[in-house]
Every structure is written in structure tokens, then in C-alpha cells.
Amino acid sequence: MALISRKSFQFYSSSAPASRSILMTLSKRLSFISGQRKPQNCSSVAMRMLCFKDKSQYMFCRKNHVQLRIQSLSVNETVHLCGDSGSITKSNNVWMDEQLFFKKLNSLCTAKEIFDFLSSLEVMSDTMASGALQRISEVEVDDNGLKNPEGVLENEVFRALCFQFEFESSKLSNTGLLNALQALIKLRIDPQSTLMAGLLSEGEERLSKGQLTVKNLCALGESLLELEGPSCATLEQIVNHVQEKDVAKWSPREMVTVYKMLQLTAREGERYQDLLNRMNSATLTLVSQLSPKFTSIILNSLVVLHQTQAVPLVTALCRHSVKHIPYFTGDELENVLEAFLCFGHRDQIFTEALETHVPKSIFTMHPQTVSKIMQYCCQKMILSKRIFDAAAEGFISDADRFTTDQIAGYIVPFGTLNYLPPSASALFRKLETVLHARLSHFQPRTLLNLLHSCVLIQRYPVNFLPKIFSPYFLQQLQAQPPGLDRIVTSQLTQLFLTVTLECPFYEGPKLLPKYQVKAFLTPHSSLDVHLLKRVKTGLLCLLKKRIYFASEVSTPYFYTVDIEIKLDEEGFVLPAAQCEEVHRRIVLCVDGQNRFCINSHNLLGEEAIKQRHLRLLGYEVVQIPFFEIESLQNCRKMADYLHRKIFPHTYGLSC
């Protein structure tokens with residue numbers, strides 16, 4: 001057995017068979033001789049950034065990586081292979097228990113502290129060594145890359161570890177091999193270096209021999225996704241091996257990693273649907289253990305993989321996400337909200353948690369996240385005044401840095417849900433300022449949606465309507481898919497009708513008849529047929545004959561009214577088909593729950609503007625909201641209610 005000085009590392013595989021349980025020694029005294037060619041058997045270890053002369057040489061490599069060339073080695077840098085690891089570590093009493101090692105390692109917060117700690121050891125397992133690399137990557141890498149490249153990459157301990165991982169990869173345990181690979185990827189090590197190529201090759205060889213556990217397969221899959229993206233052919237082999245494993249025994253991290261791999265490699269999900277069904281069932285038992293990050297990743301994967309049948313899992317994840325709302329990152333919260341929207345889920349407790357979180361965090365939240373929250377509220381018809389008021393304050397403060405889509409994302413829900421916040425004056429002054437500065441930056445349809453939402457709540461963008469009604473803008477709308485569909489033409493027509501009825505001072509271009517619809521499309525305010533039937537039954541009881549009212553009547557002004565009653569000059573009801581001697585027209589708006597915000601008596605914007613316009617057009621509008629008649633149990637009570645609402649001056653004089 002070779003004698004090993006205290007200046008040398010002893011490095012062994014903690015889980016390899018006895019025949020491979022060896023010791024490797026490498027002096028930490030690395031000498032670098034500038035300009036001297038490296039021996040053929042010493043390949044380069046790839047590192048990151050910078051370029052130094054007369055020291056270890058760095059050079060730029062590809063887009064995100066740099067190389068460090070280890071030059072000629074001194075005599076003490078030879079790797080020695082010696083007897084059994086167990087006897088040596090025990091006799092020399094230089095080995096630290098792994099549990100104590102990792103406890104100490106995780107308490108260290110800088111690379112220097114880690115290197116000093118490693119320098120105090122003479123023997124460590126490959127699992128410990130790879131764990132040290134992982135900890136270095138955790139403390140020294142941020143969004144901009146390696147914080148202190150020279151302090152890490154030139155360190156003798158770091159380079160000694162890399163050297164051993166490169167030349168002894170076949171003797172590493174699966175855990176040591178794959179953990180080291182993940183850490184070096186995070187440290188931006190050049191994937192084309194012989195160090196990385198060797199580790200990858202060894203990992204793929206063990207994959208082909210079926211030697212990897214689920215945990216190992218997940219680690220290798222994550223590494224390949226990071227290096228090569230979803231197009232990596234080896235990922236399919238990994239998923240095929242994963243399918244053979246017992247899903248019920250997977251940890252939350254393993255489950256999440258497989259979901260991510262499937263999301264990126266099999267977006268349609270059909271090919272691996274049997275595996276997904278087993279995973280969906282198993283994940284249901286793990287929900288309570290999932291972190292905010294894991295919850296978000298799984299929900300996002302379920303959306304991408306179209307797992308619409310996984311209702312129990314989606315419901316459980318959505319409920320579980322409530323307690324994580326303060327701890328989600330912006331991207332994670334957006335994934336959760338997208339899942340709520342995709343799967344049609346709505347939860348009052350979730351909304352209440354948002355109402356607590358958003359006002360406190362509005363000035364630190366990313367505008368895209370707030371925009372997504374507003375989209376969620378808008379599509380679910382949730383009028384949360386606390387969220388909307390906070391969003392208004394955030395817009396007033398920071399709208400100059402928003403994208404055009406984010407601007408629309410903030411403002412459109414106010415119109416859709418028919419709500420003006422206390423800061424409405426400042427909000428729309430800010431919007432007008434932003435529009436003047438950046439009008440040309442908006443996509444045509446985004447701009448139309450934004451301006452249309454303003455008129456729903458009586459905020460009239462008259463300064464910008466000449467652009468909207470211009471032939472050039474209409475051509476742009478037509479060219480942007482899906483073109484001038486009925487939604488677009490309905491919005492254009494309603495803008496035109498609004499300025500005609502509510503802005504008589506407007507003297508700009510008008511909307512040409514060929515762009516006008518015959519009847520508005522009201523996607524959020526469809527008629528409640530069951531409620532209409534009840535009202536019609538009550539009217540028949542009140543007016544005695546069906547000829548005295550008409551239902552679902554088209555008007556010359558683009559609106560369709562639920563029920564119309566005609567009166568002559570003396571106030572007598574006329575047959576609905578009569579067109580002469582009509583002095584008054586009464587319109588009944590039979591407003592079911594779908595015309596109001598959820599759990600609210602607040603009309604949606606498109607229904608509010610309809611009733612406002614009908615009044616301006618001369619109709620007498622009588623609102624019949626669902627919450628006033630849902631308790632009326634019989635025809636007589638309904639007739640009495642309608643009499644009081646429609647003919648209040650004669651109520652009590654007859655019958």
C-alpha cells in the first residue's frame with residue numbers, strides 16, 4: 001500500500017461493491033506552469049468566464065460556459081489506487097461520518113468556508129465530495145451565474161475534486177456520479193469538456209445496463225434536460241425505465257421530476273397515459289407533503305399534459321395551494337392560477353387568501369403575476385374589491401414599466417366586472433398618459449379590448465377613437481388572427497354606439513356600416529332560460545293573455561331584450577305585434593346569476609352598458625334580478641311582484 005501524506009485527499013465510493021471500493025489520492029498542491037503543454041492523459045476541466053495570464057488559463061467557451069485548463073501536474077499529483085477503504089479510514093481515524101459531514105456542510109455559507117472545511121479532511125466518500133460541489137453551487141451561483149469565478153475555479157481543493165471525478169468516473173457510486181454532474185452543470189461547466197463528457201457517458205452507460213434507481217434516473221433526466229433540452233433522445237430511454245418502477249414508492253421529488261420530464265418530452269400525454277394515471281393516483285397520497293414549488297410544477301404539468309380526467313388530484317392540489325400563497329414565487333403562483341383557469345376550479349378560501357396576500361405585496365409583486373391574478377378574477381367573475389383596489393394602486397405607481405399586455409391585463413377586468421375603485425380618477429389619468437406615450441406599441445386587438453373595457457364603466461377614450469375607427473387600424477385588426485370575428489365587430493359597434501349616445505361632442509371618424517353587427521354578442525351575459533320561463537308564467541298570470549308581451553326581441557339598436565311590453569298614450573298595454581300608437585316601451589331585463597359577479601349583486605359590465613344604452617334610447621328598463629324572485633314559490637306571488645315592479649303607480653288599485 002502506498003503511503004499517503006496528510007497533504008493528499010483520500011477519496012472512495014461509499015456504495016460501490018467491495019471490488020470497486022478503492023482509495024484515490026491526489027495532492028491538493030496543484031502547480032500550474034504558464035505556457036507548458038499539459039500531458040496527453042490529463043484532460044481539461046471546463047469552468048466559467050474570465051481570462052487570466054500566468055495562472056490557470058480561462059477562456060470563453062460557447063454562450064454560457066468557460067474553460068479552465070489544468071496544465072502539467074507535479075509528481076505529487078499522481079492518482080494512487082490503494083487497498084480497502086474501510087480498514088484505512090478506521091485505522092487512520094480520518095474519516096468523518098456522512099451525517100455529521102452534511103450537517104456541517106449545510107451550515108457553511110461561502111465557498112471559502114467549504115474549501116477550508118474540506119481541507120481539514122483527508123478521506124471522504126464520493127457522495128460527500130459531490131455533496132460539497134452541490135453546496136458550492138448553491139451558495140456561489142445566482143441568476144447572473146457564478147458570483148466569484150476566480151475564488152471557486154482557481155481553488156486547489158475544487159480543482160482536485162474535479163480532477164478525480166474526471167479520471168475515476170467509472171468507480172463512482174450512482175449517487176456520487178449524478179450529484180456531481182448536477183452540481184457541475186449548475187456551476188456552468190462546459191458540457192463539451194472531457195470532465196462533463198465522461199460523467200455523462202458513464203451515466204448513460206449505467207442507464208443502458210439498467211443499473212439506476214428511480215432517484216438516479218430522475219437526477220440523470222434533470223441533467224440532460226438542463227444540458228440538451230427536451231429534444232434529448234436519451235430522455236425517452238429514461239422514461240421507459242421509469243415506467244417499470246413502482247410509482248407508489250416514489251418520493252415527492254421523484255414524482256415531480258418525472259412529471260417535468262413527461263411535460264417536456266410527451267406534451268400530448270397519450271403515449272404515457274398509463275404511467276400518468278398511476279402517477280396521478282399516487283400523487284394524491286403525497287399532496288400534503290408538497291412544497292410550493294412542487295405543487296406549482298405538478299399543476300403546470302397536468303395542464304400541459306391535458307390531464308382533465310385527474311379531477312381529484314387537481315382539486316386536492318388547488319386546495320393545498322391555499323396555504324402556500326404567501327410563499328409562491330411569481331412564476332409558481334401564475335402556474336397555479338393557470339391550472340385553476342384550465343380545469344375550471346374556483347375556491348372561496350383560495351380567493352380569500354389572495355385577498356390577504358395581494359394588498360400587502362402589490363408593490364413587490366411582478367406585474368405579470370398581478371396581471372394573471374386579475375385575469376383569474378375576471379374569467380371567474382370574482383369581484384374582489386381588495387384585490388382590484390390594490391391592483392389600481394400598483395398600476396398608478398408603476399404602469400410606466402408594464403408591457404402593453406400587462407397594461408390591458410390590469411385594466412380590462414375593471415370593465416368586465418363593472419367596478420370603479422376609489423382611485424378611479426388617478427387610475428384613468430395614468431392610463432391616458434401611458435396610452436399617449438405608447439399607443440403605437442399596442443397590438444390592435446389588445447388596444448381594442450382595453451378601450452372597449454373603458455366604455456363599459458363610463459370612461460370614454462375619445463382621444464383615441466379616431467385611430468380605432470381609421471381604415472388603417474381596421475385593416476390591422478383584420479390581419480391579426482382571428483381577424484374581424486363577431487367579438488371584434490361587436491366591440492367596435494358598441495364603441496361606436498357609446499360615442500353616439502354618450503359623447504355627442506365627438507366629431508371624429510365614424511364606424512362604417514360594413515363593420516357593424518346586427519346584434520351584439522354578449523358572451524358573459526347569456527339568458528337564463530329557466531328564470532325567463534318563470535317570469536313569463538308570472539306575466540301571463542298578470543296580463544291574462546300571451547299576446548301582450550314578447551320575449552327575446554331584437555331592437556334596431558343592436559341589443560336583444562329579454563321581454564318587451566308596449567303601452568299606448570293612456571298607459572294601456574298593447575299587443576306585442578302592434579307597431580302603431582306605441583307611446584312607451586318597457587323592457588324587462590331578466591338577470592340570472594350569470595349576469596352578476598360571483599356571490600355579488602354587481603352587474604357585469606356588458607349588461608350594465610346594455611341597460612344604460614336602452615334607457616338612453618328611450619326604453620323604460622325594469623330589472624328583474626334573480627335574487628329578488630328566487631324565493632317566490634308560485635305564479636300568484638310572481639304576478640304580484642311583477643305588477644309592483646312594472647306598474648308601480650297602479651299597484652294596489654286593482655286585484
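This note sets out some points on a predicted model, from the overall fold to one helix and one loop residue.

1. Overall composition. The protein has 655 residues, and 54% of them count as buried. Its secondary structure consists of 28 helices and 14 strands.

2. Contacts and surface. Among contacts with a separation of 6 or more, 71% join residues 24 or more positions apart. The accessible surface is about 30,200 Å², and carbon and sulfur atoms contribute 51% of that area.

3. Length of helix 26. This helix covers residues 605-616, and at 1.5 Å a residue its 12 residues should span 16 Å. The end C-alpha atoms lie 17 Å apart, which agrees with that expectation. Just after helix 26, G618 adopts a positive phi of about 105°.

4. Surroundings of helix 26. Because 10 of its 12 residues are buried, helix 26 is largely enclosed by the rest of the structure. The buried residues include the charged-letter entries E606, E607, K610 and R612, along with A608, I609 and L614. The packing partners of the buried residues are helix 19 (404-416), helix 21 (444-456), helix 24 (486-502), strand 11 (560-567), strand 13 (584-591) and strand 14 (620-625).

5. Residue H324. This residue sits in the loop between helix 14 (311-321) and helix 15 (330-342). Its relative accessibility is 8%, below the 20% cut-off, so H324 counts as buried. The side chain of H324 forms a polar contact with the side chain of H320, at 3.0 Å. Leaving aside residues up to four places away in sequence, H324 touches L290, S291, P292 and T295.

Note on methods
Residues are numbered from 1 along each chain as its sequence is written. This is a predicted model: local features need pLDDT of at least 70, side-chain atom pairs count only at pLDDT 80 or more; totals for chains, interfaces and linings use all residues. Side-chain values use heavy atoms; hydrogens and water are left out. Helices (H or I, at least four residues) and strands (E, at least two) are DSSP runs, numbered from the N terminus. Buried means under 20% relative accessible area, exposed over 50%, partly exposed in between (1.4 Å probe, protein chains only). Contact means heavy atoms within 4.5 Å. Accessible areas come from the Shrake-Rupley method with a 1.4 Å probe; for residues, only the protein chains shown count as cover. The expected span of a helix is 1.5 Å times one less than its number of residues. A polar contact is a pair of N or O atoms within 3.5 Å; within protein, one must be able to donate a hydrogen and the other to accept it, and residues adjacent in sequence count only if both atoms are side-chain atoms.
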